[in-house]
There are 2 protein chains.
Amino acid sequence: MSEIERCEFLCVHDEVVKKVLSQMPKDEALYDLAELFKVFGDTTRIRILYALFEAELCVCDTSQLLGLSQTAVSHQLRILKANRLVRARKEGKNVFYSLADSHVRQIIGQGMEHVEE
Amino acid sequence: MSEIERCEFLCVHDEVVKKVLSQMPKDEALYDLAELFKVFGDTTRIRILYALFEAELCVCDTSQLLGLSQTAVSHQLRILKANRLVRARKEGKNVFYSLADSHVRQIIGQGMEHVEE
DNA sequence: ATAACATATGAATAGATGTTCATATGAAAG
DNA sequence: CTTTCATATGAACATCTATTCATATGTTAT
């Protein structure tokens, strides 16, 4: 009898396991969810998002505001856009970015509440 | 005149910049926030958290439920606990973990909404 | 005490990720 | 059309992180 089987019969309450298994979202959804949070899980991106809380900003503005290189900001904005967290609006040579939807504020808001406790 | 200065005077609207700068949280808070989201940004940890949505589970249960090694689960639960996302309750040889507070559900819920759109 | 078991921990390795550097694209101005 | 500027992109490098393996801790039962 393997270690795994042993443990299963000792610890697991069948009903609980079945209940949990039946209510777990699909792996793909969980993967996507983790990918989304990964996007929030970087100081640079969080700072960019927070800056966009207050105003729409172009890449150049953002990089100066936050003391980052233009390239770094551009790379991160690309990731934010790919995950539909920001929107881009082109105006001449500039590209202005803004928050994409209300989820961004809500997710960050909840996170901040947790951190500040 | 450096590239940076050039850009600043061309793109930045002083009022906007001042407004954004004045409303940015402290770097420390933003760092902590990113650290928190980093915790959510891993498939294994998300799966563990979701499993705990439905029931309190011991390490062994969790590892079998999710098809992970005991060690991997233990390492991840340690991180979740350090970030106050789960609670531990010792009962004999077993340690039962459960969600720590309502923020966890809310943050994950918001994230799932965004992903499912 | 000793064996069996659940959990935790430390070190090592492999894979992922952010920044930088160099360069490309595309738009406005001269 | 050539220059200047804002932005984007690709490759390389350095750092971080999750898993595994080996082992330690602490609890229960014999």
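Welcome to this predicted model, in which the surface near DNA strand D has 9 nonpolar, 11 polar and 7 charged residues. For DNA strand C, the nearby surface likewise divides into 9 nonpolar, 11 polar and 7 charged residues. Chains A and B both supply residues near strand D, and both supply residues near strand C. The points below take the two strands one at a time.

**Who surrounds DNA strand D**

- There are 27 residues around DNA strand D, and the ones that come nearest are Cys60(A), Thr71(A) and Tyr97(A), along with Thr44(B) and Arg45(B).
- From chain A, helix H5 (59-66), helix H6 (70-82) and strand S3 (94-99) each supply at least two residues of this surface.
- From chain B, helix H1 (3-11), helix H4 (43-54) and helix H6 (70-82) each do so too.
- H6(A) provides the largest share of the surface near strand D, at 5 residues.

**Contacts with DNA strand D**

- Among the atoms of strand D within 4 Å of the protein, 70% belong to sugar or phosphate, while the rest belong to bases.
- Tyr97(A), one of the nearest residues, has a polar side-chain atom 2.6 Å from a phosphate oxygen of strand D.
- Ser74(A) also meets the phosphate part of strand D, with a polar side-chain atom 3.1 Å from a phosphate oxygen.
- His75(A) turns up at a base instead: a polar atom of its side chain lies 2.9 Å from a base oxygen of strand D.

**Who surrounds DNA strand C**

- Around DNA strand C there are 27 residues, the closest being Thr44(A) and Arg45(A) from chain A, and Cys60(B), Thr71(B) and Tyr97(B) from chain B.
- Chain A contributes through helix H1 (3-11), helix H4 (43-54) and H6, each with at least two residues of the surface near strand C.
- Chain B contributes through helix H5 (59-66), H6 and strand S3 (94-99), again with at least two residues each.
- H6(B) gives the most to this surface, with 5 residues.

**Contacts with DNA strand C**

- Sugar or phosphate accounts for 68% of the strand C atoms within 4 Å of the protein, and bases account for the rest.
- Arg45(A), one of the closest residues, places a polar side-chain atom 2.5 Å from a phosphate oxygen of strand C.
- Ser69(A) has a side-chain N or O atom 3.1 Å from a phosphate oxygen of strand C.
- Val95(B) takes part through its backbone, where an N or O atom lies 3.3 Å from a phosphate oxygen of strand C.

Note on methods:
Residues are numbered from 1 along each chain as its sequence is written. Chains are lettered from A and ligands numbered from 1 in the order in which they are written. This is a predicted model: local features need pLDDT of at least 70, side-chain atom pairs count only at pLDDT 80 or more; totals for chains, interfaces and linings use all residues. Side-chain values use heavy atoms; hydrogens and water are left out. A residue is near a molecule or strand if one of its heavy atoms lies within 4 Å of it. A polar contact is a pair of N or O atoms within 3.5 Å; within protein, one must be able to donate a hydrogen and the other to accept it, and residues adjacent in sequence count only if both atoms are side-chain atoms. Helices (H or I, at least four residues) and strands (E, at least two) are DSSP runs, numbered from the N terminus. Ala, Val, Leu, Ile, Met, Phe, Trp, Tyr, Cys and Pro count as nonpolar, Asp, Glu, Lys and Arg as charged, and the others, Gly among them, as polar.
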